[in-house]
Amino acid sequence: MTETGSMGILQNSPGDWSRVLGRLRREVGETAFRSYFRLMTVERIAGGEGVIAVPTRFLRNWVATHYADRLLAAWRSENRAVSRISFIVDPRHERAERPQPPAIQQPQQMAPVPAPAETTSAGDIADDKGQLSAPLDPRLTFENFIVGKPNELAHAAARRVAEACSGRAHSVPFNPLFLYGGVGLGKTHLMHAIAWQVRTQAPARKVIYLSAEKFMYQFVRAVRFRSTMDFKDEFRSVDLLMIDDVQFISGKESTQEEFFHTFNALVDQNRQIVISADKSPSDLDIEERMRSRLGWGLVADIHPTTYELRLGILQAKAEHLGLQLPQKIMEFLAHKITSNVRELEGALNRIGAHTQLVGRDLTLETVQELLQDLLRANERRVTIDEIQRRVAEHFNVKMAEMTSSRRARIVARPRQVAMYLAKQLTQRSLPEIGRKFGGRDHTTVMHAVKKIEELTRSDRAFAEDVELLHRMLGN
Ligand code: ADP
Ligand code: MG
């Protein structure tokens with residue numbers, strides 16, 4: 001087929017494609033549409049597969065990761081013959097694309113669109129080291145990990161483990177290292193980073209990195225094929241075992257049992273174990289003896305990101321992508337996209353794709369339009385009402401005390417905590433917050449924030465309370 005583009009579609013079903021595009025335009029909005037879809041053409045439809053040509057590799061990876069489902073749905077509703085889609089780089093453009101634009105400097109042929117580490121499917125449990133370990137993402141190294149207050153403990157601990165494990169003596173600093181924190185805060189990143197370091201500095205060491213789900217999958221499969229002995233041997237001969245997202249093991253009793261035995265066997269042999277979860281060991285829904293055992297080593301908590309950390313991450317990632325963004329835009333993003341690092345990256349990638357296509361004059365307005373959905377999702381996170389309700393519940397005071405004028409410490413303190421959290425977790429201004437607390441003045445809110453900051457520094461138990469509430473409300 002020399003004449004590409006609309007030729008193919010014309011033969012199959014005239015007119016469909018423009019209707020598909022029309023649908024997409026309505027769904028994703030004008031900016032995203034112009035950035036990603038406008039330049040697509042249909043290469044062919046054959047055997048149920050619709051093949052779409054896009055101008056660049058960057059775009060191909062981007063669209064395939066982020067819009068394939070929608071695109072397929074839109075296309076299907078116009079043309080029943082299409083049951084799958086794939087993307088190719090339009091050969092005419094590909095030639096023009098070389099030399100590669102600065103954004104594509106990854107060691108792999110992958111464009112810098114981050115496929116989240118989790119998306120590897122159950123089929124690809126294999127690599128050069130052992131069939132059990134999941135593949136490692138080359139981007140997730142210590143060099144690429146930005147350290148800030150919220151993650152410094154977890155980072156330091158991960159480094160220690162990596163060093164100890166690649167050292168000649170192979171010592172075990174703490175067993176297990178238990179990393180926990182909310183979604184997208186870097187747990188998987190740190191685990192991959194440990195694995196990379198050990199793999200490069202001590203290639204003879206056997207390292208297994210697996211999600212808890214894959215661990216279960218392997219276990220169930222071993223049971224089915226009656227190879228549980230092999231399974232056990234395989235796991236028990238490792239030097240470093242890392243299991244990601246163990247909250248997924250909760251409730252599955254036989255897997256828990258197996259995990260527990262493996263765990264004990266490894267600890268007895270002084271092998272390093274690293275675990276991650278979205279909750280602390282004590283909050284995991286697992287057997288008691290397992291829970292206490294998990295808390296034996298070092299439990300390192302990754303806290304929600306701060307503005308400074310977000311800005312640092314943005315700067316590093318933008319540089320890595322070869323993106324030059326005005327400081328104002330960086331600050332805007334760090335301010336507005338507060339949920340987690342994954343979303344921050346998503347925002348940056350979207351901006352990257354956009355600038356590649358449209359040129360570099362990025363304004364704040366364009367960014368706002370481009371990221372509409374992300375920004376809205378980040379705004380919608382917590383309301384002051386929710387904060388008040390949770391805090392009142394936590395300290396066992398009536399919700400009405402949040403707005404009442406009573407000044408007894410027993411109600412005033414929780415109210416101050418709620419004000420503090422409202423400042424931390426919402427985009428509301430001090431006067432706005434004051435109004436929500438029974439029409440108080442903004443100086444009262446400021447005073448509350450200072451007071452709580454002081455107290456969290458001096459009173460450990462109190463700090464933990466506030467931290468807990470922060471975490472609960474934060475995701
Ligand atoms: P989790 O496993 O905690 O859900 P991930 O480790 O998958 O989170 O992190 C989500 C994304 O954010 C990844 O692409 C990761 O590289 C990135 N990320 C998280 N924390 C940092 C950090 N401190 N520095 C650089 N990138 C980070
Ligand atoms: Mg993870």
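Which of the 19 residues around ligand 1 come nearest? In this predicted model, the residues that come nearest to ligand 1 are Gly-186, Lys-187, Thr-188, His-189 and Val-341, out of the 19 that surround the ligand. Two elements, helix H8 (187-201) and helix H15 (341-358), are the ones that give two or more residues to this shell. The shell also draws on two domains, with at least three residues coming from domain 2 (124-302) and at least three from domain 3 (307-379). Sorted by chemical character, the residues of the shell around ligand 1 comprise nine nonpolar, seven polar and three charged ones.

From the ligand we can turn to the sheet, which is an open one of five strands, paired in parallel and arranged in the order S5-S6-S7-S4-S8. Strand S5 (207-211) and strand S8 (298-302) stand at the edges, and because each has a single partner strand, one side of each is left without a neighbour in the sheet. From one strand to the next, the twist averages 15°. In general, the strands of a sheet pair through backbone hydrogen bonds, in either a parallel or an antiparallel way. One pair to look at here is strand S6 (residues 240-244) with strand S7 (residues 272-277), which are joined in the parallel sense over four bridges, and Met-242 stands opposite Val-274 in S7.

Helices lie across these strands as well. Helix H8, which gives residues to the shell around ligand 1, lies across S4, S5, S6, S7 and S8 and runs at about 160° to S6. Helix H7 (residues 152-166) lies across strand S4 (177-181), S6, S7 and S8, and its direction is at about 135° to S8.

Note on methods:
Residues numbered from 1 in each chain as written. Chains lettered and ligands numbered in written order. Predicted model: local features only at pLDDT ≥ 70, side-chain atom pairs only at ≥ 80, totals over all residues. Near = placed C-beta within 6 Å. Nonpolar A, V, L, I, M, F, W, Y, C, P; charged D, E, K, R; others polar. Domains from an automatic or database assignment. Pairing = 2+ DSSP bridges. Axes fitted to C-alpha atoms, helices over the stretch in contact; angles between N-to-C directions. Contact = placed C-beta atoms within 7 Å.
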